[in-house]
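Hello,

Here is the structure we talked about. Please open it first, then read the notes below.

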Amino acid sequence: MIWVIAGTEKGRVLIEKLLASDYNVLATTATTYGGSLIIPDKNLHMKDTPLDKSEMTKLALELKVRLIIDASHPYSEEVKKNALHVSETIGIPLLELGRFPVNVPGSLEFNSYSDAADYLSGREGNVLLTIGSKNIRYFRETEKQKIFARVLPLDSSLALCAQSGFLPERIIAMKHTFSVDFEKALIREFDIKYLVTKESGAEGGVVEKAEAASQSGVVIIVIRRPVRETENIFYNIDELILRAGEIIHG
């Protein structure tokens, strides 16, 4: 059994390719929505609820997992720590499906959401947050700015927005990565002066956001990606599957 910690489009492609190669796959996602995007298969075992370290360890033992592949979002730090814990505790090999970093010329980079929020709190001009819903709590409007949050159209995301004090008129609930023209239209519609994003790779729409911001004279603020100190990161799915085969059949 190969365990894929999923939740991204690239992770779903990996799962489909592993199943097509006749591997038995355990796929886990943190949300029911994420799980619903994965196509059912006779060789697929699906779990679509959040798991802590002890639950992950128990699951790996119960299903006799022989390899863990972390295909979670680059900013899913807790998930990655838990996967490493399971790997080291049970002695299961751990590989990671990564995303190539994207350089954003002219951007302002910060190591944390709180640092970016502190910088913006003294600025004038509207802000567009494209960082998901989990960390928008760090950002607060001032008299000189409005803050808009673009989040997934899920009940959980909207609940986090409400908990963070965002009024409905400040919430843009949409899914997908968007074209440069669409990003520019959104910037224009809400008179955005600052756009905040994570460096989530090309898959996360960073290229389009950066281009739209550049063309619109908007300052783009990037939350730096957490540093990953591991040699087992693969950026190519086919190369990762080859390595997985060596581990499973070796």
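A residue is called buried under 20% relative accessible area, exposed over 50%, and partly exposed in between, with a 1.4 Å probe and protein chains only. By that cut-off R12 is buried, because its relative accessible area is 18%.

Two points on the source. This is a predicted model, where local features need pLDDT of at least 70, side-chain atom pairs count only at pLDDT 80 or more, and totals for chains, interfaces and linings use all residues. Residues are numbered from 1 along each chain as its sequence is written, and side-chain values use heavy atoms, with hydrogens and water left out.

**R12**

R12 sits in helix α1, residues 9–20. Helices (H or I, at least four residues) and strands (E, at least two) are DSSP runs, numbered from the N terminus. Leaving aside residues up to four places away in sequence, R12 touches L37 and I38. Contact here means heavy atoms within 4.5 Å. L37 is 25 residues from R12 in sequence, and the C-alpha to C-alpha distance is 7.9 Å.

**Helix α3**

Which residues of α3 (residues 53–62) are buried? They are M56, T57, L59 and A60. Viewed down the axis of α3, the buried residues fall within an arc of 165 degrees, so they line one face of the helix. The arc is that of the directions from the helix axis to the C-beta atoms. An α-helix has 3.6 residues a turn, so residues three or four places apart point the same way.

The buried residues of α3 pack against four elements: β1 (2–5), β2 (25–28), β3 (44–47) and α4 (77–90). On the other side of α3, S54, K58, L61 and E62 are exposed. K64, just after α3, has a positive phi of about 55 degrees.

**The whole chain**

The chain has nine helices and twelve strands. Of its 250 residues, 47% count as buried. The C-alpha atoms fill a box of roughly 60 × 35 × 30 Å along the principal axes. The radius of gyration is 19 Å, which agrees with the value near 18 Å for a compact globule of 250 residues. That radius is taken over C-alpha atoms, and the globule rule is 2.2 Å times the number of residues to the power 0.38.

Among contacts in the chain with a separation of 6 or more, 64% join residues 24 or more positions apart.

Best wishes
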